Amino acid sequence: MNEGDPAVHGCGSLHKRVGTLSHPYNRGRVFRYETFTADAESGVLTCRYDLDGREFTERFTLPGGPRWRSEAARAAARLVFLLAGVSYYKTAAPPVIDLGETALTEAELAFLREFYLQGLGEFGYRNNLDLSSLRLEARRAGAQNREPIAREPNGQRRALVPFGGGIDSIVVVERVRRLADVALFVVNRPADRFAAIEAPAAVTGLPIVRAEREIDPQLLRSAELGFLNGHVPVTGILSAIAVLAAVLEDRDAVVMSNEWSASVPTLEYDGRPVNHQFSKSDIFEAAFRNVLARASADPESAVGSDPAVGSDPRLPEYFSWLRDRTELWVGQEFAVLEQYHGSFRSCNKAFYSDKARRLDHWCGQCDKCCFIDLILAPFLPAGALRRIFAVTGEPLGNPGLAGKFRALLGAGAKPFECVGEVSECRAAVLLAARRDDRAGDALLAELALEVAGWPDAPSAADAVAMLAPVGQNFIPAGYR
């Protein structure tokens, strides 16, 4: 998500380095964490930051109620405060971050530093910034050697599933609802809802827990104010908000939909990985799980807490149900969920912040449209995909998009997008080209022929193997 760009609420696809800064003298000196406050009645969490005297305020609105006064809610709100700061730090990317009065354990400090360094990897790459010397100054909190706290299920499992309306979260919802009481979690700007999320959410028939995120309006004036701009690890921020929502809704788990390929870097630069999807990766998931397991409220947070809501500081489980699954497997699973085929949409143009520019159909041109078409082509009838992309035409039927498909296959720069890994895309091409109803697809046949001729081309067996689990996952036993 290019948060500083008022035009887009989704992931950007430009794959270039700026080379020199547009505002070379605008790098700040110190970014400071000021305070966070929560109003239990209104359900508003307010986070305040400062960059060289410029103040930023971000607000989150969730359901109000007495659970806000629990230690667990205080601990979760504190994590939202810590992770949301990245949106304001990147306006000038100073070399020092001062945590102020917010004390951190060693584990939290290490986690937060990596969240900034790797989460802003793409931002640094595009803006020609080396952030490796970033220094975080913070008071050390107690209990630095505390062992993780295991959370045991108590009664029926109650899961919160962040829902974006794409094939990943739809597949997870349909799997997890067999194992637990499920509610969807959706984050929007105030008084704004995206049809691309609301339509498939309605198909699930499940309750929706909502949060409103109101970023500081100064971010929408980035160019005017001379701010640096670029991608931030927004899934990490949304993960922290989801944990807070789960606490407030008395749910034991936040179940994400981040698959295996999200852990694969988009590129490497100067020996360092640059991953557009860092906060969807296994590295982030493991580190965030560790912080959550060790988390408890600051000593001061117990003051004013409501005994009626309990004093258990344990936070919900956090894991991705797709961690060891490929996008190819997700495509196969989604293909049989016909009730969603007319409502799902992963095209970024469905998420423009400017409602006048927001599309109510697939654009059929962007990298996401190409990838979704490709990953579903082995499993959905060609006619079904043509109906999905009926307004603009199926991407695989457009020879002008050959370059975008070749980039997905590794014959060009991989787009900075939430798309699958090269081997998944190659397997999809080979499997799709074998379908009888694709015999007349010239572009698909051309791509399959190219892939088959490469030295590292996957065999038919390799392509089928991509449908099996890959690597490890963090799924607790009750959710397997």
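Which residues are buried in helix 3? In this predicted model, the set consists of Glu108, Leu109, Phe111, Leu112, Phe115, Tyr116, Leu117 and Gly119. The numbering of that list is worth a second look, given how helices turn. An α-helix has 3.6 residues a turn, so residues three or four places apart point the same way. Helix 3 itself covers residues 106–119, and its length checks out: 14 residues at 1.5 Å each should span 20 Å, and the end C-alpha atoms sit 19 Å apart, which agrees.

Zooming out, the chain folds into 16 helices and 12 strands. It has 480 residues, and 57% of them count as buried. As for how the chain contacts itself, take the contacts with a separation of 6 or more: 75% of these come from residues 24 or more positions apart.

Helix 8 makes a good next stop. Its 15 residues reach 21 Å from the first C-alpha to the last, close to the 21 Å expected at 1.5 Å a residue. Helix 8 is also mostly covered, with 14 of the 15 residues buried. Just past the helix comes aspartate 250, which has a positive phi near 55°.

What does helix 8 pack against, and at what angle? Its partner here is helix 9 (residues 282–294), and the angle between helix 8 (residues 234–248) and helix 9 is about 35°, with the axes 12 Å apart. The crossing of this pair is right-handed. On the helix 8 side, the contact is made by Gly236, Ser239, Ala240 and Val243, while helix 9 supplies Phe284, Phe288 and Leu292. Sorted by class, the residues of this contact come out as five nonpolar, two polar and no charged.

A second helix pair has another character. Helix 5 (residues 167–176) and helix 10 (residues 327–335) pack at about 65°, with their axes 9 Å apart. This crossing is left-handed. Helix 5 brings Ile167, Asp168, Ile170, Val171 and Arg175 to the contact, and helix 10 brings Glu327, Trp329, Val330, Glu333 and Phe334. The class breakdown for helix 5 with helix 10 is six nonpolar, no polar and four charged residues. Put side by side, the contact of helix 8 with helix 9 has no charged residues, whereas that of helix 5 with helix 10 has four.

Two arginines are worth following individually. Is arginine 213 buried or exposed? This residue belongs to strand 8 (residues 208–214), and its relative accessibility is 7%, so arginine 213 counts as buried, the cut-off being under 20%. Its side chain has polar company. A polar contact of 2.4 Å links the side chain of arginine 213 to that of glutamate 58, and another, of 3.3 Å, joins arginine 213 to the side chain of serine 87.

Arginine 480 lies in the segment after helix 16 (460–465). With a relative accessibility of 56%, arginine 480 counts as exposed, because the cut-off for that class is over 50%. Leaving aside residues up to four places away in sequence, arginine 480 touches Leu179, Asn473 and Ile475. Two of these contacts can be spelled out at the atom level. The side chain of arginine 480 makes a polar contact of 3.2 Å with the side chain of asparagine 473. A polar atom of the arginine 480 side chain also lies 2.8 Å from the backbone oxygen of isoleucine 475. There is a long-range neighbour to mention as well: the C-alpha atoms of arginine 480 and tryptophan 321 are separated by 8.1 Å, although the two residues are 159 apart along the chain.

Finally, back to backbone angles. Where do aspartate 52 and aspartate 270 sit? Aspartate 52 is in the loop between strand 2 (44–51) and strand 3 (54–61), and aspartate 270 is in the loop between strand 10 (267–269) and strand 11 (272–274). Phi is positive in each case, near 50° for aspartate 52 and near 55° for aspartate 270, and neither residue is a glycine. Their accessibility puts them in separate classes: aspartate 52 counts as partly exposed at 29% relative accessibility, whereas aspartate 270 is exposed, with a relative accessible area of 58%.

Definitions and conventions:
Residues numbered from 1 in each chain as written. Predicted model: local features only at pLDDT ≥ 70, side-chain atom pairs only at ≥ 80, totals over all residues. Heavy atoms only, no water. Axes fitted to C-alpha atoms, helices over the stretch in contact; angles between N-to-C directions. Helix = DSSP H or I, 4+ residues; strand = E, 2+ residues; numbered from the N terminus. Left-handed = near helix turned anticlockwise from the far one by under 90°. Contact = heavy atoms within 4.5 Å. Nonpolar A, V, L, I, M, F, W, Y, C, P; charged D, E, K, R; others polar. Expected span 1.5 Å × (residues − 1). Buried < 20%, exposed > 50% of the residue type's maximum accessible area, 1.4 Å probe, protein only. Polar contact = N/O pair within 3.5 Å; in protein donor to acceptor, adjacent residues only side chain to side chain.
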